[in-house]
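Me: I have a structure here and want to understand the words used to describe it. Can we go through them one by one?

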Amino acid sequence: MTSNAESNPDRTPLPRPLGDFLGFTLAGCAPRPDVGALHNGIAWNWRGEGVLQLTPPLATTASPSIVVSAGIHGDETAPIELTSKLVADVCSARVPLTCRLLVILGNVDAMRAATRYVDDDMNRMFGCRFHPLGRSREAPRAAALEQAVEAFYSLAHAERWHFDLHTAIRASEFEKFALLPATGGLAHEPMLEWIRAARLDAVLMHSSPSHTFTHYTASAHGARACTLELGRVRRFGMNDLGAFAVPMRALANQLGGRSEIHAGVALPPVFQVIAQIEKHSDRFEFLVDPDVPNFTAFAAGTLIARDGDYRYEVTHPSERIVFPNPNVKPGLRAGLMVVECDDQAK
Ligand code: ZN
């Protein structure tokens, strides 16, 4: 299921929470003591189940602070495995680390159950601690992750970043794409530069607030945040992790404070979210094939969904659908509608 414990170059085995972060977390273990230092000077601090802080010897609160999270959806195994491997690579100095780093495996109960979530979609629960979903088994976990991030960023006096790694349930016209939260005045340029380095296929800009993890870190903590969709959902051990090599190299470079030269690499197509399909009740009707790939285009006049008096009809010459899912609970979004920005809007 998980990689074997990795080793330091000097062949001193890494402590198991670091060498096999995923396996250790899934086993429900907690290290005693919960802090330590490696031969290479990296200090590690277990901040709770599936939450690990790594601090290189020369980092201070004036160094960049980066959060890398995966498994907010428990069945999105590739990013979970990659994140666990990233911890081993950083701790064994295969990936240089110059920033403060907080690594998070999100919905651990759902990972154990090999499911997207147990009671509720955790990526609709951030930034709402007093939400009616309070009795959901995901609610205390979302609150614990918020508290871990808040504690981490409270000592971050320089730039803050957050990369939230996902895989999509369905096929997509663009295999690897980033979603940027609506951040008000926060400039997107540094993240767009990273997206170029990661050679992603598309960028999707949100235009209104939501309850995703990245919207929370961007809005509450001023982080440069993005949700990354890196291919399709598979079972643990069934992933071709090599397919993620380029974005993971860009992430590793970010952790090491190294910027790649990517002259001549154009920014991929940028899309703006113009609306979300709203599911109000169990009467909701989805009127197009719910299995279409992400970014499938529909022409003006197409009726996408209706629910009582609510109708969603395409009004732009062409609108594309992303994350169509008529099976969400009433009150949640059943899909996003996006249009491509012209060059000037980028
Ligand atoms: Zn996801």
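Reply: This is a predicted model, and we can take the metal site, the domains and a sheet in turn.

Me: What makes the arrangement around the zinc ion irregular?

Reply: Look at the angles. The 4 donor atoms subtend 58 to 144°. Tetrahedral would need all angles between 85 and 135 degrees. The value 58 falls outside that range, and so does 144, so tetrahedral is ruled out. The arrangement is therefore called irregular.

Me: Which atoms coordinate the zinc ion, and how do you know that they count as donors?

Reply: They are His73 (ND1), Glu76 (OE), Glu76 (OE) and His166 (ND1). Their distances are 2.0 to 2.3 Å. The cut-off is within 2.8 Å of the metal, so these atoms count. Along the sequence, the donor residues follow the spacing H-x2-E-x89-H. Of these residues, His73 and Glu76 are buried, with under 20% relative accessible area.

Me: How do you know where domain 1 and domain 2 lie, and how do they meet?

Reply: The bounds come from a domain assignment: 4-255 for domain 1 and 273-340 for domain 2. Their C-alpha centres are 29 Å apart. Still, 17 residues of domain 1 contact 17 residues of domain 2. About 1400 Å² is buried between these domains, with 56% from carbon and sulfur atoms.

Me: Why do β11 and β14 stand at the edges of their sheet?

Reply: The open sheet has 3 strands in the order β11-β13-β14, paired antiparallel. β11 (285-286) and β14 (310-313) each have a single partner strand, so one side of each has no neighbour in the sheet.

Me: What makes β13 and β14 a pair?

Reply: Pairing takes at least two bridges, and these strands have 4, so they qualify. Within this pairing, Leu303 stands opposite Glu313 in β14.

Definitions and conventions:
Residues numbered from 1 in each chain as written. Predicted model: local features only at pLDDT ≥ 70, side-chain atom pairs only at ≥ 80, totals over all residues. Heavy atoms only, no water. Donors = N, O, S within 2.8 Å, 3.2 Å for Na, K, Ca; no water. Tetrahedral: all angles 85-135°; square planar, octahedral: opposite > 155°, others 65-115°. Buried < 20%, exposed > 50% of the residue type's maximum accessible area, 1.4 Å probe, protein only. Domains from an automatic or database assignment. Contact = heavy atoms within 4.5 Å. Buried area = accessible area lost by both parts, 1.4 Å probe.
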